[in-house]
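Me: Please take a close look at the aromatic ring pairs and at the nonpolar packing around them. I should like the geometry, the burial and the criteria behind each term.

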Amino acid sequence: MDQKGEIPNSLFLRRNLDSYRELFFKYHGRLVLFANKFTGDTEVSKDLVQDVFIKLWEKSPTLSEIDSPKTYLFQSVKNNCLNYHRHINLKRSVEDNMLIKINSLEKSAFTDFNDPLHSLLEIEIEEKVETIIQSMPEKCRKVYILSRHKHLKNVQIASEMGVTLKMVEKHISKALLLLRKGLAEYLSVLLILLLNK
């Protein structure tokens with residue numbers, strides 16, 4: 001160590017387990033706290049920091065141009081956090097589109113099945129949706145049906161079932177999660193359908 005407490009580049013550049021361990025214990029905690037400011041999730045932050053250290057270990061023989069290990073680590077963690085947010089935003093966008101399609105398919109379940117434009121795929125997905133709905137816990141299923149099929153407002157559902165508004169929202173969220181999971185295998189097909197609408 002030098003007088004400023006920085007790890008010398010000679011130690012940093014050598015693929016030496018002791019040096020790597022020293023670097024890890026010096027910065028790991030601070031990097032997790034830093035990442036947490038971007039993600040708001042400690043477990044995700046730990047994973048992102050771990051990924052940076054793994055990449056550092058894999059690249060260590062070629063890092064001769066790095067002036068400051070500290071700067072490199074913090075910049076790498078920041079980049080990982082930004083990439084994580086881009087991935088999450090894309091995933092949410094895909095899920096939102098899928099839910100729009102699910103709602104559309106649920107409505108089309110009440111149309112004429114003899115219509116030649118009513119594809120076999122849509123029928124299969126509608127059957128899958130119905131299977132998922134029937135497998136939901138009783139209260140969750142009832143809330144979902146009242147909300148999506150009977151088109152009642154959450155306040156009306158709460159009054160009819162004698163539960164709180166928050167409980168109604170919880171049941172609807174759970175039902176949508178079960179639908180998302182149950183229809184995951186159809187995701188790519190649903191995206192194609194969405195693009196062709």
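Reply: The account below begins with the ring pairs, goes on to the nonpolar cores and ends with one residue of a helix.

This is a predicted model, in which local features need pLDDT of at least 70 and side-chain atom pairs count only at pLDDT 80 or more, while totals for chains, interfaces and linings use all residues. Residues are numbered from 1 along each chain as its sequence is written, and side-chain values use heavy atoms, with hydrogens and water left out.

Rings of Phe, Tyr and Trp (its six-membered ring) are taken as a pair if their centres lie within 6.5 Å; planes under 30 degrees apart are stacked, those over 60 are edge-to-face, and the rest are tilted. By this rule there are four aromatic pairs. One of them joins Phe24 and Phe53, whose ring centres are 4.9 Å apart and whose planes stand at 65°, so the pair is edge-to-face. It links distant parts of the chain, since Phe24 belongs to helix H2 (residues 17-39) and Phe53 to helix H3 (residues 42-59), 29 residues apart. Helices here are DSSP runs (H or I, at least four residues), as are strands (E, at least two), numbered from the N terminus.

Burial is judged by relative accessible area: buried is under 20%, exposed over 50% and partly exposed in between, with a 1.4 Å probe and protein chains only. Phe24, at 25%, is therefore partly exposed, whereas Phe53 is buried at 2%. Another edge-to-face pair is formed by Phe34 and Phe74, with 5.2 Å from centre to centre and 70° between the planes. Because Phe34 lies in helix H2 and Phe74 in helix H4 (residues 69-108), this pair ties together parts 40 residues apart in sequence. Ring pairs also link Phe24, Phe25 and Phe53 into a cluster.

A nonpolar core is a set of buried Ala, Val, Leu, Ile, Met, Phe, Trp, Tyr and Cys residues joined through side-chain atoms within 4.5 Å. The largest core has 18 residues, of which Met136, Tyr144 and Leu179 touch the most other members. Two or more residues each come from helices H5 (120-135), H6 (138-149), H7 (154-161) and H8 (165-182), and H8 supplies the largest share, five residues. Another core, of 17 residues, lies apart from it and includes Val32, Ala35, Val49 and Phe74.

Finally, Leu178 is found in helix H8 and is partly exposed, at a relative accessible area of 30%. Residues up to four places away in sequence aside, Leu178 is in contact (heavy atoms within 4.5 Å) with Ile132, Met136 and Pro137. The C-alpha atoms of Leu178 and Ile133 are separated by 8.5 Å, although these residues are 45 residues apart along the chain.
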